[in-house]
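Work through the exercises below with the sequence and the model open. Try each task before reading its solution.

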Amino acid sequence: MKNSDKTVNIFLSGVGGQGTILASNILAEVFIKAGYDVKKAEVHGMAQRGGDVTTHFRFGKKVYSPLIKYGDVDFLLSFELLEALRYINWVKPEGKIIINKQKIFPPAVNLGQVKYPEDVEKIFKKYFKDNVWVVDGQGIARSLGNVQAANVVLVGAFSNFFPEINPEQFVEAIKSLLAPKLHDLNVKAFYEGRKAL
Amino acid sequence: MKKEIMQGNAAIARGAWEAGVKVAAAYPGTPSSEILRDIAENYPEIYAEWSTNEKVAVEVVSGAAIAGVRAMASMKHVGLNVAADPLMTLSYTGIKGGLMIVVADDPNVHSSQNEQDSRNWARFGKIPMLEPADAQECKDFTKIAFEISEQFDTPVLLRTETRVAHSDSPVVLEDRVESNIVPGLDPKDAPKYVMVPINVRVRRKAVEEKMKKLEEYANTFKYNIMEINDTSVGVISSGVSYLYTKEVFPEWSYLKLGMVWPLPKKMIAEFAKKVKKIVIVEELDPFFETEIKAMGIKIWHGKDVIPNMYELSPEIVEKALKGKKYKEPKIRVKPEDLPRRPPNLCAGCSHRPLFYALKKLGAFVFGDIGCYTLGTAPPLQALHTTICMGAGVGQAHGAMKAIGKDALGKVVAVIGDSTFLHGGVTPLMDVVYNKGNSTTIVLDNRITGMTGHQEHPGTGFTARQEPTNAVDYAELGKALGVKSIRYIDPYNIKETMEIIKEEMNKDEPSLIIYKNAPCMLLRRAKPTERFKHPFYVVDTDKCRGCRMCLEINCPAISWQEGEGTTKDGHKRKGTTYINRDQCVGCEVCVQVCKFDAIVPGTK
């Protein structure tokens, strides 16, 4: 960040089981090691039961509120298309959006009562022009042999927005949070994600 | 100086360890559950237990405190209602070793049955209460709570809420310091601890003296902090409400209260003199406002603009205080137009076939608190009350007494295993004693599910995973006097319906218990091992698109539109589809399908 005094607001959204919490834990490790104050807020409780999961992640010189102010999101990092769209109004006009192109149908869509929203990418591009990036997290993770690593692919893609942070710092954070047998896969996932933008 | 990013709950656990705590007890409840789990996993110096319920937890830790060690209990806001009985009198007896009770509120009811403001317990019980705003304060306030407890001979309440308990921020780590109180019990202390009227009257006076001294202490308490900046507006606030307000109005002056009861009246009066206008920002009840107004201090804004329900946030505070000057962000998509994503029972969950069976039986279902509360959601809609832990068992009994024999065959109570032990045993005893005829089903999935898999007296393991006794629900029922006790395999829908129907029709108390139906996420119970096939698929030659299998609301089954015909010529508007990654092969949909269109899949 050029202006390191300013608090940066990152909003993560996804569906229970997608690994959004690991992703936000990686960010926390990285930015705290980089010397920032960090605050991170999430709602647990029913996350494993397929509900939506959101994390407010903020870093800067001194961070007060654990919640981002509505309309003040600098980066929307979303792991699922509908869950990205749900928070579109939270993003600043000049905000950046990074979306995993996965679709997970909520019950009402499964039951055929309502339609899954179409053209999520187009809607974002209408408002945010070139500040929208769509990543095939599942596709990249599957090519590495484990679709579970899609969350780390997204973190890899997202890391490009912080050129002042050495990618090795992300790798270090990933290793500190995962069991050794998962290191190889996730480090690869991180670097493949980093190449994806 | 070691700094770590920590969740508020983890910081409380760390603070307890650093404070030399020796005994910790809890009953799980969002957003408090991680505290005891963290202690059990990381701090072997502390004896840690999952207690049967919150009342037991407070009794256990108060026994430890009376024996002279530092002890703590943790629970969610409604848990303190259960624990209120011992707590209200512990305020009179006081303690020997420091005693702290953590109470975690849930403004906006992210995962609770009500939105009560626990600060009222502090005033009601005449007990000091601290309220941290972030993880560092969670740790610091925990440590100072034990000092206050010992200095003033009182239990201390530590109030958190979802955005403090479940928020992470940096924490400076320090070493553990053992308490210098010598543990031990002395029968000569009986007058202090035996609350019979003659002693109570003595202690009653001690309580008032304690509160007077605590109010003096609050005026100099180092975490009641005055920040004088622009003096045109002075904000009185606490916890996360302070952080939201500071975020949007950094230029104003603040009085941030770390101790929310008793209030530092002298300090508040002094602050009021330093600033032109007073604003009180607090979540939920007008707790400070009522007290401060009673002091004769004029308030510019409080609950006239700040909502008294749901949680606050930076924009809610900004909007309330700026009024028309607040600029609403642009609405690009109306979120209410998007499909919601409510939580659902997991694929393969044993509660799904049970609620399908209860729906088919047309029963009125008195429910309880747990994953199975999700049985109320459409399309199952087979759970009709949820009040508190244990309530359903007594309510079913009361309803049947009210309606009489006409209710036979139509009413049932369902309750989880952990919940049954928490609060369902005494009402079941009541059913038998009072010649009731209600049916109670214990949905025994071998773990406390909703809060993230905590052990309980029925699982056979302690908080530290040591093997221990597991309650036998049938033997327990027998001892209470229940004569009609049956097991059901909820995955066999037909048989389950027959058994429940029989028991509901009996003019005597019945107890039905799940057999071999563990939670899908409980790996040690190998929950999917009982299923014959790893997954099932829809045979599109046979599927008529009748949508019956969608009625069970399985996350693995979805509707796929597309006109077509079955092999034997039936027209259809679409078929259902089973996601093989999610399907665990529970065969519930197979039993629901009338056309044998759901068949084992092959890899």
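**Exercise 1: A tyrosine in its strand**

B:Y514 is part of strand β18 of chain B, which spans residues 510–514. The model is a predicted one.

Task: Decide whether B:Y514 is buried or exposed, and find which residues B:Y514 is in contact with beyond its neighbours within four places in sequence.

Solution.
- Step 1. Take the relative accessible area of B:Y514: 2%. The cut-off for buried is under 20%. B:Y514 is therefore buried.
- Step 2. List the contacts, leaving aside neighbours within four places in sequence. B:Y514 touches B:S350, B:H351 and B:L354. B:Y514 also touches B:V442, B:L443, B:D444 and B:N445. B:Y487, B:I488 and B:P490 complete the list.
- Step 3. Pick out one of these partners, B:N445. B:N445 and B:Y514 are 69 residues apart along the chain, yet their C-alpha atoms are separated by 7.4 Å.
- Step 4. Look for a polar partner of the side chain. A polar atom of the B:Y514 side chain lies 3.3 Å from the backbone oxygen of B:S350.

**Exercise 2: The sheet around β18(B)**

Task: Work out in which order the 5 strands of this open sheet of chain B lie, and which helices pack on the sheet.

Solution.
- Step 1. Read across the sheet. The order is β14-β15-β16-β18-β17 in chain B, and the pairing is parallel.
- Step 2. Find the edges. They are β14 (364–366) and β17 (484–488) of chain B, each pairing on one side only.
- Step 3. Take the twist. From one strand to the next it averages 25°.
- Step 4. Go to one pair. β16 (residues 439–443) of chain B and β18(B) run parallel, with 4 bridges. Here B:I441 stands opposite B:I512 of β18(B).
- Step 5. Add the helices. α14 (residues 351–361) of chain B packs on the sheet and touches β14, β15 (411–416), β16, β17 and β18 of chain B. Its direction makes about 160° with that of β16(B). α16 (residues 417–433) of chain B also packs on the sheet, touching β15, β16 and β18 of chain B. The direction of α16 makes about 135° with that of β15(B).

**Exercise 3: A sheet shared by two chains**

Task: Trace the open sheet of 8 strands and say which strands are its edges.

Solution.
- Step 1. Write the order: β6(A)-β5(A)-β4(A)-β1(A)-β3(A)-β2(A)-β8(B)-β1(B), with mixed pairing.
- Step 2. Mark the edge strands, which pair on one side only: β6 (132–135) of chain A and β1 (2–7) of chain B.
- Step 3. Take the turn between neighbouring strands. Direction ignored, it is 20° on average.
- Step 4. Check one parallel pair. β1 (residues 8–15) and β4 (residues 73–78), both of chain A, are joined by 4 bridges. A:I10 has A:F75 as its bridge partner in β4(A).
- Step 5. Add the helix. α6 (residues 135–152) of chain B packs on the sheet and touches β1 and β8 (167–173) of chain B, its direction making about 55° with that of β8(B).

**Exercise 4: The interface**

Task: Describe how chain A and chain B meet, and name the element of chain A that gives the most residues.

Solution.
- Step 1. Count residues in contact: 53 of chain A with 56 of chain B.
- Step 2. Take the buried area. The chains bury about 4,600 Å² between them, with 59% of it on carbon and sulfur atoms.
- Step 3. Count salt bridges: 6 cross the interface of chain A and chain B. One of them joins the side chains of A:R58 and B:E247, at 2.8 Å from N to O.
- Step 4. Rank the elements. β2(A) gives the most to the side of chain A that touches chain B, with 6 residues.

Definitions and conventions: Residues are numbered from 1 along each chain as its sequence is written. Chains are lettered from A and ligands numbered from 1 in the order in which they are written. This is a predicted model: local features need pLDDT of at least 70, side-chain atom pairs count only at pLDDT 80 or more; totals for chains, interfaces and linings use all residues. Side-chain values use heavy atoms; hydrogens and water are left out. Two strands pair if DSSP finds at least two bridges between them. Axes are lines fitted to C-alpha atoms, for helices over the stretch in contact, and angles run from 0 to 180 degrees between N-to-C directions. Contact means heavy atoms within 4.5 Å. Buried means under 20% relative accessible area, exposed over 50%, partly exposed in between (1.4 Å probe, protein chains only). A polar contact is a pair of N or O atoms within 3.5 Å; within protein, one must be able to donate a hydrogen and the other to accept it, and residues adjacent in sequence count only if both atoms are side-chain atoms. Buried area is the accessible area (1.4 Å probe) that two parts lose on being put together, summed over both. A salt bridge is a side-chain nitrogen of Lys or Arg within 4 Å of a carboxyl oxygen of Asp or Glu.
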